[in-house]
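Got the viewer open? Here is a short walk through the model, one selection at a time.

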Amino acid sequence: MFGLSGEHLLVLLVILLIFGPKRLPDLGHSIGRTLKNFKDAMNGGGNDAVPPASQIPPQNASAPREAAAPAPEKQAEKV
């Protein structure tokens with residue numbers, strides 16, 4: 001049923017020549033991640049990464065903020 005013919009082997013060889021053996025694992029990983037995201041979006045589970053605004057805790061206003069040093073101004077050089 002899923003046998004490899006000469007055409008399949010030729011296509012795999014061309015892909016290997018184009019992308020090289022070092023980039024094939026990255027290519028497979030990105031294709032798999034893309035298919036997973038697509039499947040999750042089709043099933044309605046694509047919005048889990050961003051929490052609703054009602055679940056975000058408020059920031060503590062009394063927490064000390066880091067004081068940023070003012071940037072020194074550059075003076076124009078006289079020629």
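**Starting at His8**

Select His8 first: with a relative accessibility of 42%, this histidine counts as partly exposed. Keep in mind that you are looking at a predicted model. His8 sits in helix 1, and its side chain makes a polar contact of 3.0 Å with the side chain of Ser5. Show both side chains to see that pair.

**Zooming out**

Now colour by secondary structure. You get 1 helix and 0 strands. The chain has 79 residues, and 1% of them count as buried. Turn on the surface if you like: the accessible area is about 8,400 Å², with 62% of that belonging to carbon and sulfur atoms.

**The nonpolar patch**

Next, select Leu4 together with Leu9, Leu10, Val11, Leu12, Leu13, Val14, Ile15, Leu16, Leu17, Ile18 and Phe19. These residues make a nonpolar surface patch of about 1,100 Å². Pick out Leu10 as a sample member of the patch. Leu10 belongs to helix 1 and is exposed, because its relative accessible area of 51% is over the 50% cut-off.

**The kink**

Where does helix 1 kink? Go to Gly20, shortly before the proline Pro21, and you'll find a bend of about 95° there. Then check the ends of the helix, which runs over residues 6–42. Helix 1 has 37 residues, yet its end C-alpha atoms are only 35 Å apart. A straight helix would reach 54 Å at 1.5 Å a residue.

**The salt bridge**

Move along to Lys36 and Asp40, and draw a distance between their side chains. They form a salt bridge, with the closest N and O atoms 3.3 Å apart. A search of the whole structure finds 1 salt bridge, so this pair is the one to look at, given that opposite charges can pair when their charged atoms come close. Both residues are in helix 1, 4 residues apart, which is about one turn of the helix. Residues three or four places apart point the same way, because an α-helix has 3.6 residues a turn.

Are the two partners buried or exposed? Lys36 counts as exposed at 52% relative accessibility, whereas Asp40 is partly exposed at 27%.

**Last stop**

Finish at Gly44, just after helix 1. Check its backbone torsions: this glycine takes a positive phi of about 90°.

How values were computed: Residues numbered from 1 in each chain as written. Predicted model: local features only at pLDDT ≥ 70, side-chain atom pairs only at ≥ 80, totals over all residues. Heavy atoms only, no water. Salt bridge = Lys/Arg side-chain N within 4 Å of Asp/Glu carboxyl O. Helix = DSSP H or I, 4+ residues; strand = E, 2+ residues; numbered from the N terminus. Buried < 20%, exposed > 50% of the residue type's maximum accessible area, 1.4 Å probe, protein only. Patch = residues over 30% accessible without salt bridge, like charges linked within 9 Å, V, L, I, M, F, W, Y side chains within 5 Å. Areas by Shrake-Rupley, 256 points an atom, 1.4 Å probe, with all protein chains shown as cover. Expected span 1.5 Å × (residues − 1). Bend = angle between axes of the 7 residues up to and from the residue. Polar contact = N/O pair within 3.5 Å; in protein donor to acceptor, adjacent residues only side chain to side chain.
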